[in-house]
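Hi everyone, thanks for coming. Let's have a look at the helices in this one and how they sit together.

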Amino acid sequence: MNLYTSITKSTAKSIAKSIVKELEEAGRQSPYVADANEPDPRYKSYGVRADAKKAIFAKHRKAIRSLEQEAQYQLASKLIESKYGEQQHIGLYILESFPEYFSPDKFEDLDKLVRCIHGWSKVDAFANPLLRDILFNHPEDLKPLIRSWNQDSDMWLKRMSVVIFTRKVASSGEFTDFALEMCNNLMFDSEDLVLKGVGWALKDLMKADKERILAYVQELRKKKVSSTVTLYAIRDIKGQERKDFLAQG
């Protein structure tokens, strides 16, 4: 190990230690009980609000960005692997600035990070924008990994495999067929938060192909798919159009 590498590792370790200390203190000063809504006992939290997390990251941003990209990745990984939601969020803030780091040869590392996520809020945060940007950069290469999450027994991986197809990914229209494949596999899942993820994906997919997705949702109603999915999917359908749609069932 050369002197520069030693100094870099020492700096990253010092930053991580400071971040954890400040998160712990923020949680003690003003605990935020909303994270108690996370249903997975594996999820850990200090109870820190979003604005406090952002402030802590902002305080350390300059020092973090002074590190080489690999050192930033290692720092982010250390935070994410802690399983604490707030550390994971700051780790995500770090990674969001260089999604190009995750080329296909780094997908095994990406998979390990995603498997550390045990809460719906962190799943959704990871899906957009980090995984979104990786998907746009490497669409065909990422699909097998998404399929593996879709078929996993872990509810958070299953949710990840569909909520990645929301927002800008959905409105792009580039991934509708694949998104429907992922959604279709989970239509009868037993987990409410997975079903809500499916409904959210379908809702947003309408931005690119409303007629097709509405017809698809109508078919789901005929198959007696949970209303958790179908009603979430048509949340943006209002007025007479909604009444007409529901009357068809």
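When I say two helices meet, or are in contact, I mean heavy atoms within 4.5 Å. With that in mind, Gln72, Tyr73, Leu75, Ala76, Lys78, Leu79 and Ile80 in α3 meet a set in α4 that is made up of Gln87, Gln88, Ile90, Gly91, Leu92, Ile94 and Leu95.

Quick housekeeping: this is a predicted model, where local features need pLDDT of at least 70, side-chain atom pairs count only at pLDDT 80 or more, and totals for chains, interfaces and linings use all residues. Residues are numbered from 1 along each chain as its sequence is written, and side-chain values use heavy atoms, with hydrogens and water left out.

So how do α3 and α4 pack? Helix α3 covers residues 69-80 and α4 residues 85-95, and their axes lie 7 Å apart at an angle of about 160°. That makes the two roughly antiparallel (the label for angles over 145 degrees).

Now for another pair. Helix α10, residues 176-185, packs against α11, residues 192-222, at about 125°, with 11 Å between their axes. These two are therefore oblique to each other. On the α10 side the contact includes Leu180 and Cys183, and on the α11 side Leu205 and Tyr216 are among the residues involved.

Last one: α6. Is it buried or exposed? Well, 14 of its 18 residues are buried, so α6 is largely enclosed by the rest of the structure; buried means under 20% relative accessible area, with a 1.4 Å probe and protein chains only.

Note on methods
Buried means under 20% relative accessible area, exposed over 50%, partly exposed in between (1.4 Å probe, protein chains only). Helices (H or I, at least four residues) and strands (E, at least two) are DSSP runs, numbered from the N terminus. Axes are lines fitted to C-alpha atoms, for helices over the stretch in contact, and angles run from 0 to 180 degrees between N-to-C directions. Angles under 35 degrees count as roughly parallel, over 145 as roughly antiparallel, 65 to 115 as roughly perpendicular and the rest as oblique.
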